[in-house]
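Here are some short exercises to work through with a structure at your side. Try each task yourself before you read its solution.

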Amino acid sequence: MNKHPLPPDWHERQKALDITRSYIVQAPAGSGKTELLVQRILSLLATAESPEEILAITFTRKAANEMKQRLVQALESASSDQPPAEAHAADTWRRARAVLGRDKAASWQLLQNPSRLQLTTIDSFCALLARRMPWLSRFGDQPRVTDDPSDLYTQAAENLLTRLENGSPGQEPIARLLVHLDNRLKLLRDLIVAMLGKRDQWLRHLVARRKLSPRQLLESGLQLYVSTFLSRLNQLVTPDVHRELRSLALSAAENLADDQPGHPLVGLLQTNDDPESLAQWQAMSHLVLTASGEVRKNLNKNSGFPAGKSAEAVAMKARAMDLLQGLRDNPDAARALQALRRLPACSYAEEQWLVLEALIDLLPLAVAELQEVFRQQGQVDFIEIAGAAHKALGSVMQPEELLLQLDGRLRHVLVDEFQDTSYAQYELLRCLTAGWEPQDGRTLFVVGDPMQSIYRFREAEVGLYLRVCQRGLDSLPMERIVLQTNFRSVKPLVEWANEKFAGLFPASEDEVLGAVRFSAASAFDSSEAEAPVSVHCFVERQDTAEADAVVELVRQARKQDPAGTLAVLARSRNHLVTIVDALKKTGISYQAQDVDPLTVRPAVQDILCLVRALHHPADRVAWLAVLRAPWCGLTLNDLAGLCHGDARSTVWQMLNRPVEQVEMFDQVSEDGRERIERIQPILARALNNRGRISLRRLIESTWLALGGPACVAEADLLDVRQVLDLLEETGEDLIVDDLERKLERLFAAADPQAGPEVQLMTIHKAKGLEFDTVILPGLGRGIRSGERTLLRWLEHPEYELLLAPIPPYAGEEQEPTYRAIGDIMQQRDDLEVLRLLYVAVTRAKSRLHLLGHAKPNRENALVPLSGSLLSVAWAALGEDFAAHAVINENEMPVETMPLQLRRLPGTWRPPQLASPLASAEAPVARASLGTHYQDEVIRSRRTEEGRVIGTIVHLWLERIANDGPGQWSQHAVRELAAQFMQQLSLHGVPRNRLQPCAATLETCLINTLECDRGRWLLSGHPGAQSEFAINGLVDGQLIRATIDRTFVDEAGLRWIVDYKTSSPAHIGQDQDAFLLEEKKRYQDQLRVYLNLIRNLYPEQAARTALYFPLFKGWVVVD
Amino acid sequence: MPAIKLMDKTLYRAAADGYLVLTVNERLSRYLHKQFDLEQQRRGLSAWLRPNILSLSAWLSRCQPNLPGMPAFLNHAQLQRVWEMIIEEDVEHTGNHLLQTPQTARRALQAHHLLVSYQADFDAQLAADDHRAFLRWRSAWMKQAKRNAWHDPAELPLLVSSALIAGHLRLPDKIFLAGFDELAPDLQQLCNAMASRGTALESWQPASSPTDASRLAADDPFTEVSLCARWIRQLLSADPLASIAVVVPQFEAYRSLIEQVFTAELAPQLLAQGDESQPVFNMSLSQSLDREGVVHAALRLLRSGMQVSHEEVSWLLQTPYVGNAVSESAARAQIDRELRRLRRFDWRLSRLVKVVTRLAETYSLAVPGGLALLDALSKGQQMSTRQLPGAWAESFTNLLRQLGWPGERGLSSREFQAVEHFRSCLAQLASLDGVANRLGRAEAVRILSRLVNATEFQPEGGDPPVQVLGALESSGMVFNHLWILGLTDKALPRAPAPNPFIPLPVQRRHAMQRSSAEREYKYAEQVTRRLLAASADIVVSWPRMATGLQQRPSPLIANLAERQPGFAATSAPDRVIWAGRPELEKMTDSQGPALVTRKAFSGGTGIIKDQALCPFRAFAHHRLRAEGLDVPEIGIDNMSRGTLAHTVLELFWNDVGDQAALHALGEAALDAKIRVAVDAALERLEKERRHDLPARQRQIEADRLSMIARQWLGIESRRGAFQVTVAEKNHRVKVGNLTIRTRIDRIDELADGTMAVIDYKTGRPDPTQWLDERVTEPQLPLYCLGLERSSIGAVMFAQVRSKALECGFRGLARETEAWPGAKSRKLAALFNEKGWESLDDVLSHWDKVLPALGDDFSRGVAAVDPVGFELACKYCDLTGLCRVLERQNAGHGGDDE
Ligand code: SF4
C-alpha cells in the first residue's frame, strides 16, 4: 500500500484547481478546504498580471489572517529547492514555486510585501470600497466603524420619537403604533432599535413598496402563498377524499349547528365561499383534527357525531372513521391539513393594515434619523458600510473606472464559508462579478458546507448557497464539486455521524426554509472500532450533576491522553457557567474564552461602585459599598453608626462631619474610625481630581491608593484592567448605566498559564477547529428564543414579500400572517439547530461525549425540550439517550452558609511604590511668557484684541526697522489698511471689529513714525536688532528670550526696548500713573533681558525701557 | 558619562555661525535647539545668540509677509471652511447627500495639496465619478481664490521659489537641510531656486553609529510594552542622564497601552496619587484638545440645547467646571437625586429651573449657583439669530463667563494651557468672518467642536528623559538607547492608502506618498535604515498575537538576531501592591445594631417585604437608607402607569360607591364618569411629578386608561354584590416591635357582611408568595394582621391590565365560588401540599411569620440571605453593597427556557 494514499475524491480536488472555470465546492467538515483554497490561490497567482487581481473573502479576520500565514509559509518553503516528500505538500510546493518565479519576473516582492495579497473579510473589503469611492459611496470621507452601534440606534430611535410631540412627519404613525402598543414608548423605542439593526434586510422592501400601491401588492403575495399551498394540498388530498371530507363535514356541521353555533365547522353552512377557499378548508379540517391539530382518534357529539343509533348515523360515523384512518396512513396530507391552520390570511384586517402602513411610513424615517446620528457622531455600523460599498459599486457604469480606484483589475474572486453568506454580501458579489462569463479569464470560486451553516443570527442565508448551486450567479454558471473525504475524524466516528445524521437532515432542499440535504462523508482514516461515542442522559434538568459528569469525562480524557486536546462545546455561554464553576474547584486548568462574565466578579463590582460613587455624590448605595469593600471593610455597625439615621446627606458629607459631632463618632468603632481615616484623604483627592485626569486614571489611581490590588486574586488584576480599558473607551461622557451594559459584554481573560489541552467555548466559536475529544453538554437545554419584532417579513422567490406588523399589545389572538411568518422562521431555526449539532459533532477527531437531559411526558416517555439540540436529533439519538437515562438525584439545595467577607487589616498600609526616575537636566523656562494674563481666564474682547494688535504691531515694527524708518511714510502705512484687516481677521478679530482695530494698528505705526523717539528706536544704530533672539542662564535657569529692539546709541549705551501696545486711555487712567504701573509690571522681565545682554556683552553699559506706540509713551526701567 | 551628549560638530558650527538650519519638522528643530543650548552651557557660556534653526514650514511662513505683492493667505480653519462650503453647495446642486462633509473637505483639500506639491493634474476624461466630483470642487476653489485673491499656504514653496528666482527675499549664503529623508517635488524646486541664487545647500543627517540591534518577540502588545518599560527603568537606574527613545510605527494602536504601562512602570507612585504634573515620558503625537476635561466641559455646555436629557441634567449638576460647583456639590447631587425620582426622561430648561427651585425649597438645599447656571443656560439658548462666526465666538465667550466656566477650583497648569488653546479655537472660529457668512447657533457650535477636535494638545513643561515617537518624528535625532515597538508585517511596510480623489494611475505616475505597495516598501526600507542607525543600542520588538490574530515580524527585520536585553523587575503598582498583600481578615458580618427601643421606628410595608426577601436588603434600605439612583426611562414609566390605573379606579369608586350604583349607570354616564376619573388621575400625577405629560402621550394614555377602566368595571359588574367602603386608607399595625404603616387600596363589604381586602396591581402579582415561608408579598397580609379574622372574607389582588384575559381577581376567599378563577391551580396545589384548608390557615401562617420578620428587623438581623435570585436579587439595587457575589453560584447562568 502506498504510504501516502490519495484521497478518494482526488479527482474532484484536481478539478477544483482548474483556474479557467468557476466552481461552487461543497467541502464537508475536515475535508481540508483551506488547503484547497491556498492551492487555488497559488495557481492563480502563478499566472496573474498582479496579485491584486485576486480577491479571497473569508468569514472572519482570523481566517483571513490564517490563510495569509499559510500562503506566506508556502511561498517561504518554496524557496528551498527540495520538494517535500508527501504528495500533497509537494503539489503545494510546486505551485508556490511557480508563484515565486512570477514574483521575480514581475518584481512583486510578495514576501516583503505580503499585504498585497488581498485576503480579507467582506466587511473589510466593503470598507475598502467605500474608502476608495468617497463620492459614490456617499460617505465623503470614511467614518469610523463601530462594532457596538446600539447607542447610535437608541439615539436615532429616541430622536424619531420626539416627532410624536412636535408635529413633524411621522407623528401620526408613531401615535398609531403607541396606541397599538399600549402607550409603551420604551417598548416602541426598543422595537425600533431592534429593527434598525436589521435594516439591511427590510429597508429595500419598504422603500420599494412605498412608491407603489403597497396593499394590493402585498396582499397578492399573501394570496399567492395561500393558493400555492392549497393547490399542493389538493394534490395530497385526492378529489375523492376531498369530496368525502366535505360531505361529512357538512353533515357534522348540521348536527352541531344548534348546540354549538360557535363551532368552527358550523361556519361551513353560513357562507357560500368557494369550497376550495382557505376558510372552507380550515373549517373542514376541524372534522378530522383536534383543536391541537392531531388526527382525531374518535368522534363524538362535540365533533358533530352524536351517539345516535340510527343507521344513517352509524354509517356516517363509519365513513368518518375510514377517513381518519386514511389520514393516518397519509401523514403528508395530515401534516398539510395541520399546516392549514397556521396559514397567513389572504388579506390584512383593517386595523392591521393601518399599523402596517404606519410602519411603512415610519421605519424609513427611523433610518433617516439614524443617518443623521451617523453624521453627527462620525460613526457608522457595518450595515452602513456594506450599503455604501454596494451603492458605490452599483453606480459604476464603466468597469474600467474601477481601475482608477482599486489597485488592480479584479479577475478572480474566491469566497470561503459561502454557506454563511448574507443577502447583502450576495448582492455585493453579484456587483463584483457583473458581466463575467464562462471562459473569459475571470472566475469565481466559492467554497462552503451547507450542512455547517450556523450564522443565521448574523443574517447568513444558506438558501443563497442552494440558489447559486442551482442557478449560478447571474450570467456566470457555477459547476458543482462535492468533496467527501474527511481527513479529520477516525473512521468509526465518521460512520457514526453518517448513520445518525442521514435520517435527520431533510430529504429535499428548500431555499426558503434553508433546508439542505445530507451528504455523507468518507473517512480518510481506515481504522475499525466501535463508535467512540458515549451518551449521558439525565431525567429532568440537573445542571450540577451534568457539570460533575463533564468534569469526570475531562479527568478521564486527561488521564488517557494527556497530550490530546479536548473541548467542551456548548450552544450558549450560559450553558458553560456551571461547568466552569465545577472545573474551578478541581484545579484542572483550562482556557475559556468569552465564557466567564466580568460583571459577577466582586472585584469588578467594587470598581463599578467606585465609578458610581465618584460619578455621583448622592449615590448612597455606591458610597456605602465603597466603605464596605475589602479595601475599607466597615462593618454594618459602623455603617449604621456613620449614617445615624440621616437619610438625606451624602455619605461624603457624613464622612466629613466635624469631629465635634461626637454623637456620630461614638457610634463608630475605633477600628472603623481608623479605616475611615485611611481612605478619607484618598477619596478627597479623587473628588478633587475629577475632570482633571481622565476617568480611567481617576479610577485606577484611586483603586491603587485604596489598596484594591491587595484585595483580589491575581487573575482579577487582568479583569480590572479590562474594566479600566472600557472606562478609557467611554471617556468623559460616561453614563454609568451604559457602562454596566457594556460590561456585560466582557468576559474574564483566558488563563494565560493554561495550555490548549482543555478548552471551553461555544459551538459557534469552535467552527473550523478540531479536537481529539469533544464533550457536548447541555444538549437538552434551550436558549431564549426570538423576541417579537415590529415587523415580520419573508422574502420568497415565488411570493415575493410577505409582511406582517406586530399584533396589538393588548390583543388576545395570534394574527395569522404574523404567526405564519413566525412559523417559517421557526422552521428555519429548527433546521439550523440541527446543523449546529452537526458542526459540534464533527469537531471531534477521535472521541465524542454527548450529555443532555429530557423530561418524562404524561406517557412517561422521555422527551427533550423543544428547540433544544437534543430535540432535533431525538429521532436518531432518542433510543440511545433513553437507554442511558439517569434519574434525578434531587439536586442538593444550595446551602445558606453565612456570607464570608474579606477585608484588609485595619492597620494595613500599602507598600512603598517606586518614585519616578527624574531627569537631571535643567528645565527650560521662557522669559517672554507674559504672566499678567493669567489672572483672567476668559478674557474680555478688549484684552483679546489688544493682544492681537500687539502681535501685529511687533511684526510691522520689525519690518520698518529692517527697511529703515526713512523708507516709510504715513502714507505708506495708510496704504496697508487692507493688509491690516486681513491679518487681524486671521487672528480672530471679528468682522465688525476690523475697522477699529485696524485703525488702532495704524495709529501705533504712524505714531511711531511720527515721533522722534520712535524713529530713533527704529533707525539703524550700530548693533541694532529687532526681535533679538538670545538664550542664556539667569539665576541658574535656562532662558530663551526675544527682545523687541536693541541697539547701541550715540553714547555707546546699549538699549533694550520692549514694545507695549497698551494705553492709559483704555482704562481712563492718568498717563504717569499708568507708566508707573507698567514699569512695575514689566521690570522683572526686563531685568532678565538685561542680565542676558550683560552676559553677552559684559563690557557694554545697557539700559532697559518700554515704548508705547499707541500714545508715544516711553519709560526707562532700571 | 552617556555616550552621546555632544551635538553633531558640523551642525553645531553651522548653528553657532548663524547659518540657517531648516529642519524637516518642528520636533527636530526643538531638539537641535535643546542640544545647542546644552552644548553652550557645557562650554561654560552664560548667554549666547539663539541659532537660526527652524522647521522648513516655519521658515516659509516667515517669508510670507515679504513676498512681492503681499499675497493674502488663508489660515487652515478658513481654508477648510471654504472647501466645506464648496462641497455643501455641490451637494445641494447635485442632490447627492454626503454623510460627512467636513471630513470630505479635509480629504479633498489633502488631495488638492498633493496635486500642488507634486505639481500634478489630471483630466476629467480619465477619471471616475469620485475624481470628477473633486475636480468640480477644485475648480470652484480656484475660481473663488482668484476672485478674492486668496492663497492657500500650500502654495508657499512654489511662490517662494518664484520670488527667489525673481530676486526677492534675502537668503544667507549657506543653508543646512536637516533630517529630510526625501523632498517632495515642490520642495525640490524650492531648493533649486535657492541654489540658483547662489546659496549653498547642505543636506545633513546625523552620523550613524555602529549599531547593535536585536530582535525580540513578545506574547502580546501588553507584554511587549511592559518589557520595553522595564528595559527603560533598568537603563535609567544605571544612567539617569541617558537619552532614550521609543519609536512606534503604529502609534495610534499603541498609544493608550504605552500611556498606561509606561506610567505604571516608570512612575508608579505618581500613578497611585493621580498626579500628572510631572510626566516621565513624552509622546510625540499629541491628542485632541477635546479630551481635556475643562475644554470638553465647555463644549458640552455650549452644545446643550433647550431640551436636555436627564443624563445631561445630571452632568450639569455634577461637573466641576461651572460656577460654585464645588461648594454646592453635595446639594446639587441631592437635587439631582430628587429630580431623578420624578422620572422625567428629558426636561425643558426653563421648566427645569422652576422644578429645581421648588425642590431646593422643599428639601432646604441651597443651590443658588446651580439655579443661576441653569437659568443662564436657558437664556443663552434663547438666542437664535443667525450671526457671523466672530459674533458667535463672542456670544460663546460671554455665555461661558456667565456660567462660571471654568469653575471655582483654581486651574492646574495643564488646565490653564488647555484653556489657552481653547481660546485660540474661538479665535479661529472668529477668523471665519473672513470667508463665511452668518450661521445658526448649532452650526457655530459644530464648527467650534471641529476646531477643538482638530487642535492637538500637549501640555508644556518638564523635559522627560524618555521620548515616544512615531516613525517620522525621529528624523534627525540620535539616542543612547532606542526601542522600536510593534514591528509586525502590518506595521512595516504599511498597506498603501492613496487619496481617493486622485486617480490611482496619476498617483502612481508621480509616485505620490502612500499610493502603492512599491512606494510603501521603499518608504519602509528608508525608515528602517534610518532608525537602525539612530542609536548604538537598539531593540526591535513585535507581538506574536495582537487583536486576537497571529502576527508575523516585519520582513524588514527578518535578519536581526534574537536577543533578550536586561529588564528591571516590574514596578507596576497593581503588581507590587498585590505582591505585598497581607493576609485578608475574614469576617461574617450579618448583624447590625438593634433598633433603639426608646425611639419608635416606623416605616411602610416595604420594610417587611425587604426583610422577607433578604434581611440585608431591609437593613440597607431602611436603616442605612441606601437606595440606588432612579434611572428615568423614555415615556411614562411603569410605576406611574400603575399609579394612574389605581387612581382612576379609586376616584371612580369614591364617586360611585357600590356595585348597584355601577349597574345603574348607563353606557354614556359610565363613560363620562370614567373620563372624569381619568382626567383627575392624570392631573394628580402631573402635580406629584411636577411636570405635565407631553400632550400627545397624555391623550393616548387617557384613552388607554379609559379602555382599561371600562374593561375592569365590566369584571366588577359581573361579580357578586359589594360596596366599596375604604379606598386608600392609611392604617398602622404592630408587627413585632415595629409599627408599620400600611396602605390598602380598597376594602369591599360583601353581601355576607365580610370584607374583601383588595390591592390593585398592574403587574402580575403572585398570591402564592403569601404562602412562602417568609411571606415575600406581605402588603395585604400585613393589613390583615390588624383585622378581626372572621371579618375577612377575601384577600385579593385586583389584577388590572390592558389584556382583557389577564384581568381579574387573584387571591384567596372563604367562598371560593364567588371568585371564579381567583385561586390559581398552583395556589390550590400548594394548599394541598401544606394540608391547609381555609383562609384561616393562611391567616395563622401570617400571624406567625410577620411578627418574626418584624422582630428580626428590630434586632438588626442583616444576613445576606435572599429567597432566590429571580425574586430577590435580579432587580435589587444593592448588589454592589451586599457583596452577595462573593458567594459562588449566586444565581447567574440559569434561565434559558
Ligand atoms: S442583591 Fe440579593 S443578596 Fe444582595 S441585598 Fe439584594 S436581595 Fe439581598
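The exercises below deal with a ligand shell and with salt bridges in this predicted model.

**Exercise 1. Find which residues surround the ligand, and sort them by character.**

Step 1. Start at the ligand and list its neighbours: B:Cys614, B:Phe616, B:Arg617, B:Val864, B:Pro866, B:Ala872, B:Cys873, B:Cys876, B:Leu878, B:Cys882 and B:Val884.

Step 2. Now sort the shell: 10 residues are nonpolar, none is polar and 1 is charged. The charged one is B:Arg617, because Arg counts as charged.

Step 3. Look for the helices that contribute. In chain B, helix H24 (615–623) and helix H32 (869–873) each give at least two residues to this shell.

**Exercise 2. Describe the salt bridge between A:Asp91 and A:Arg95, and say whether its partners are buried or exposed.**

Step 1. Take the distance: the two side chains meet at 3.3 Å, N to O. That qualifies as a salt bridge because the cut-off is 4 Å.

Step 2. Place the pair. Both residues sit in helix H4 (residues 87–106) of chain A, and because they are 4 residues apart, about one helical turn separates them.

Step 3. Check the accessibility. A:Asp91 has a relative accessible area of 13%, and A:Arg95 has 18%. Buried means under 20%, so A:Asp91 is buried, and A:Arg95 is buried too.

**Exercise 3. Work out which parts of chain A are tied together by A:Glu459 and A:Lys198.**

Step 1. The side chains of A:Glu459 and A:Lys198 form a salt bridge at 3.9 Å, N to O.

Step 2. A:Glu459 belongs to the loop between strand S7 (443–448) and helix H21 (462–471), while A:Lys198 belongs to the loop between helix H9 (185–196) and helix H10 (199–211), so the bridge links parts 261 residues apart in sequence.

Step 3. A:Glu459 is buried at 18%, whereas A:Lys198 is partly exposed at 28%.

**Exercise 4. Do the same for B:Arg544 and B:Asp219.**

Step 1. The closest N and O atoms of this salt bridge are 2.9 Å apart.

Step 2. B:Arg544 is in the loop between strand S17 (537–543) and strand S18 (545–546) of chain B, and B:Asp219 is in the loop between strand S8 (212–218) and helix H9 (221–238), so the pair ties together parts 325 residues apart in sequence.

Step 3. Both partners count as partly exposed: B:Arg544 at 36% relative accessibility and B:Asp219 at 48%.

Note on methods: Residues are numbered from 1 along each chain as its sequence is written. Chains are lettered from A and ligands numbered from 1 in the order in which they are written. This is a predicted model: local features need pLDDT of at least 70, side-chain atom pairs count only at pLDDT 80 or more; totals for chains, interfaces and linings use all residues. Side-chain values use heavy atoms; hydrogens and water are left out. A residue is near a molecule or strand if one of its heavy atoms lies within 4 Å of it. Buried means under 20% relative accessible area, exposed over 50%, partly exposed in between (1.4 Å probe, protein chains only).
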